[in-house]
Amino acid sequence: MTLDFPEFLQYVEDVCNEFRELYENAKGTTPYCVKKVAVLNSWGKIRSWGCHMVHHALYQKQNYSYAGIIEALSGAPFDVCFISFDDILQNPQILKDIDVIINVGDGDTAHTGGSVWENPKISSAIREFVYNGGGFIGVGEPTAYQYQGQFFQLSDVLGVDKEIGFTLSHDKYNTVDPNHFIVEDIEGEIDFGEGMASIYGHGENYQIIRQHKEFAQLVTNTYGAGRSVYLAGLPYSPQNCRLLLRAIYWAAAKEDEMKKYYVDNVNAEVAAFEAVGKIVVINNSLDALDTHLYVEGNLREKLRLAPMEMRWLDI
């Protein structure tokens, strides 16, 4: 059936050869991961990597702004796990092995927790985690559930809340300061997908980096020794992958480690297999590109990569 499609056959052969090359060079070792990131929702590992996908991950207007987070994490240099609220209740010590928590989705759903936020053991465990130096990233309506006068139950951690009609008389000061480590690689406008209306700064330690009209879209906050990042949405794109990469490094307070293995072109990515002394640099675009490769924070070399090229180098 495929004999009439030689280009398809050639592509299958090319993909198979890439896998052979990967196995030959990596030799079964694990790539370098700088930190451990946990996606927190009501399912945990039961829906690992599939928590924002239905029907073969077909486009859905209601969730493409969230599915991009999962797609971006799949290629990032982090040890990613999926935990549930029940996991925290059964073993609060699970958070001690995590560096950054991500809660992503619409409010009052299984994605973000819903009524679980009425349980003070959940909110106090995560507040303690962040206050003691952990990172928290919220996307869309994280921790959102109307309870005790708050919509975002961790608005103090996130530095934002959402106006849903109960705080109209509260003063809101959405002043933008666009300069931040998270957006240093970003050119032009950031794609927040569907975005999120009525988000406003909350507390005294937040920085609004981007907003649309009067509503905050990208916000950082400090909470005790920890940090948080709020994103109104993040559909998949190479630039948004870089934005999330930087957001995680910043939330983990590890900005100085970002260039241990790093490429400056957002259409490229790098992975290091330290156990075998190998680095692989990948061009994710259909065009040739130039990128600078950094190793241990120092510029190693400038590379010219062919479209979709995967190049192996010695560390």
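**Cavity, pocket and the strands around α2**

In this predicted model, the count of cavities of 30 Å³ or more comes to one. The largest cavity has a volume of about 60 Å³, and its lining is made up of Q146, G149, Q150, F151, D161, K162, E163, I164, G165, F166, T167 and Y200. Two strands, β6 (150-152) and β7 (160-162), each supply at least two residues of that lining. When the residues lining the largest cavity are sorted by class, four are nonpolar, five are polar and three are charged.

The largest pocket, for its part, has a volume of about 1,200 Å³. Its lining comprises 41 residues, among which G75, E269, V270, I282 and N284 lie nearest the centre of the pocket. Two or more lining residues come from each of the helices α1 (6-26), α2 (64-74) and α6 (238-251), and likewise from each of the strands β12 (261-263), β13 (268-273) and β14 (278-283). By class, 30 nonpolar residues line the largest pocket, together with five polar and six charged ones.

Helix α2, which gives residues to the lining of the largest pocket, is itself mostly covered, with eight of its eleven residues buried. The buried positions in α2 are S65, Y66, A67, G68, I69, I70, A72 and L73. The elements that cover these buried residues include the strands β1 (35-41), β2 (78-84), β3 (100-105) and β4 (135-140), as well as helix α6; α6 is also among the elements that contribute to the lining of the largest pocket.

Of the strands that cover α2, β3 was examined further. Because six of the six residues of β3 are buried, this strand is largely enclosed by the rest of the structure. The covering extends to both faces of β3, with V100, I102 and V104 buried on one side and I101, N103 and G105 buried on the other.

The pairing of β3 involves both β1 and β4. With β1, the strand β3 pairs in the parallel sense over three bridges, and within this arrangement A38 has I101 of β3 as its bridge partner. With β4, the pairing of β3 is in the parallel sense over six bridges, and V100 stands opposite G135 of β4. Strands β3 and β4, taken together with helix α4 (residues 120-131), make a right-handed β-α-β unit. Thus β3, whose two faces are both covered, takes part in parallel pairing with β1 and with β4.

Conventions:
Residues numbered from 1 in each chain as written. Predicted model: local features only at pLDDT ≥ 70, side-chain atom pairs only at ≥ 80, totals over all residues. Heavy atoms only, no water. 1 Å grid on protein atoms, 1.4 Å probe; cavity = no way out; pocket = protein on both sides within 12 Å on 5 of 7 lines; lining within 4 Å. Points joined across faces, edges and corners; volume = space filled by probe spheres on them. Helix = DSSP H or I, 4+ residues; strand = E, 2+ residues; numbered from the N terminus. Nonpolar A, V, L, I, M, F, W, Y, C, P; charged D, E, K, R; others polar. Buried < 20%, exposed > 50% of the residue type's maximum accessible area, 1.4 Å probe, protein only. Contact = heavy atoms within 4.5 Å. Pairing = 2+ DSSP bridges. Right-handed = clockwise from strand over helix to strand, strands pointing away.
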